[in-house]
Amino acid sequence: MKKPNVLLIMTDQQRWDTLGCYGNEVMETPNLDYLAANGTVFENGYTCTPSCIPARATLLTGQDPWNTGILGMGAGQGPAQLLENTLPESLANAGYHTQCVGKMHVHPQRSLQGFHNILLDESSRVVDPGFESDYVKWFNANRPAEVGREDHGIDWNSWMSRSWHLPEYLHPTAWTAQESIRFLKRRDPTKPFFLKTSFARPHSPYDAPPYYFDLYDKKEIPEAQIGEWAQVHDVPKDATDPNAWHGKRKDEEIRRARVSYYGNISFIDHQIGCILRELRKCQQLDNTVIIFSSDHGDMMGDNNLWRKTYAYEGSAHVPFIVWLPKEMREKIQERSGAPVCLQDIMPTILDACGVEIPDTVDGKSVLPLVRGEDTDWRQYVHGEHTAAYSPTNEMQYLTDGNWKYIWLPRTNQEQLFDLKTDRYETRDLAADPQYQDELVKWRNRLIAVLEPRNAGLVEDGKLVCQVDKGPIVSPHYQERIERMREKMGLED
């Protein structure tokens, strides 16, 4: 068998329960459901740092957050720059023609991170002087006179929602798919390809084109799930900010946000269908590894929370679908309950392509799970995120997909959820005497993960409250920067 092509499809801020193949009977996602029906659906896929920059760093390197050195987007955390031994770098060295279309969220914004070429949609993000994304440049050349992308009045992190105010073809989702198709038509035909198609939606603004907005506005869609413990996030004044990260809005406002969020996902699905059609036309679909996932989810009002960075399911639980080339598809498992994470994507792709996996990779190839082989798989996923919206939100979590243990270091609060019976985490069992043995078991597991770091999180075998302490900083970030700068002959 010749080397397979690779298509890595990534969405931004898409929670796991927004696809038909994950049991959502309202969602219309026929193309992703088709990939799932002929591939493997991982029911317990997680992002270990549920926000854009750190999650994408783990995906590109296959490393745990502690080893990328990026533990969040808050104090003490650096940007994703000078990443080493990346997935596109490994594939390029193995003879692949590599391309990324869409969101990268790295620094500098034009850094290739191992790709041969990138075409960027960075939403409104301008960090480098004079930066203009490829999508913005294209949009400005094709838009109606004096009409902007943001004229719908919705901010980039808002709970507000409405339909897209311009023709559908001008939406960034359509641009990302069309540029991906253009690459497939113009790629080097003598080499296998690696294409990372990285959609900037369904991340807010919740601005689905009218057809897709109306599709869900006519349906009964799932309501936000709110437990008693979540009343702490229901201070009326906090919810007045159009960019509020917590607080209870009106039911109709929450529903409208979900309508457009769902609509954006169906729009993405249809655009993925365009890409799959092009792969069929050029007779490459049956020889392509396809992986679909997201960097993190979106709480969408669950437990009075919005956006991401939390350990809760809406934020940390992401879709994870693996489609293999036709010749590798014998006796594959339709579904797997094993706990997997974004770090596993790089080794999985390299394994499928017969490319050596760098020693720096922490993740594991999921191919043995896809094939139903006996394998020494991890018992649980460990996730973390430094303070972002509020110090009280800094978190550490563990989950095996059945239970979830959360520790909030700045308040020293613990939470325990039985995901088998309470997937949306409405019942906190941490204080229930009936579950103390379970609580202690998971607490000790977290202690075992954190103690070797010597970062002040554990002393004398106990978790240490971080109130009034400085931000947790991984030493590996600065080590990497210094190592790469020396290698490249750069000055500080």
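**Close-up views of a predicted model**

**View 1. Empty spaces inside the protein.** Let's start with the gaps: this predicted model holds three cavities of 30 Å³ or more. How much space lies in the largest cavity? About 60 Å³. As for how such gaps get found, rolling a probe the size of a water molecule over the atoms shows where empty space is left.

**View 2. The walls of the largest cavity.** Here we zoom in on the residues that line the largest cavity. Among them are Asp 121, Ser 123, Tyr 135, Arg 149, Glu 150 and His 152. The lining also includes Trp 156, Trp 164, Pro 172, Arg 201, Pro 205 and Asp 207. Sort the lining by class and you get five nonpolar, two polar and five charged residues.

**View 3. Helices, strands and the overall build.** The chain's secondary structure comes to 13 helices and 15 strands. Its radius of gyration is 22 Å, close to the 23 Å that the globule rule gives for 492 residues, so the chain is as compact as a globular protein of that length. Picture a box of roughly 60 × 55 × 50 Å along the principal axes: the C-alpha atoms of the chain fill it.

**View 4. Inside and outside.** What share of the 492 residues is buried? Buried residues make up 62% of them. Now look at who touches whom: of the contacts with a separation of 6 or more, 70% come from residues 24 or more positions apart. On the outside, the chain exposes about 19500 Å², and carbon and sulfur atoms supply 46% of that area.

Definitions and conventions
Residues numbered from 1 in each chain as written. Predicted model: local features only at pLDDT ≥ 70, side-chain atom pairs only at ≥ 80, totals over all residues. Heavy atoms only, no water. 1 Å grid on protein atoms, 1.4 Å probe; cavity = no way out; pocket = protein on both sides within 12 Å on 5 of 7 lines; lining within 4 Å. Points joined across faces, edges and corners; volume = space filled by probe spheres on them. Nonpolar A, V, L, I, M, F, W, Y, C, P; charged D, E, K, R; others polar. Helix = DSSP H or I, 4+ residues; strand = E, 2+ residues; numbered from the N terminus. Rg over C-alpha atoms; globule rule 2.2 N^0.38 Å. Buried < 20%, exposed > 50% of the residue type's maximum accessible area, 1.4 Å probe, protein only. Contact = heavy atoms within 4.5 Å. Areas by Shrake-Rupley, 256 points an atom, 1.4 Å probe, with all protein chains shown as cover.
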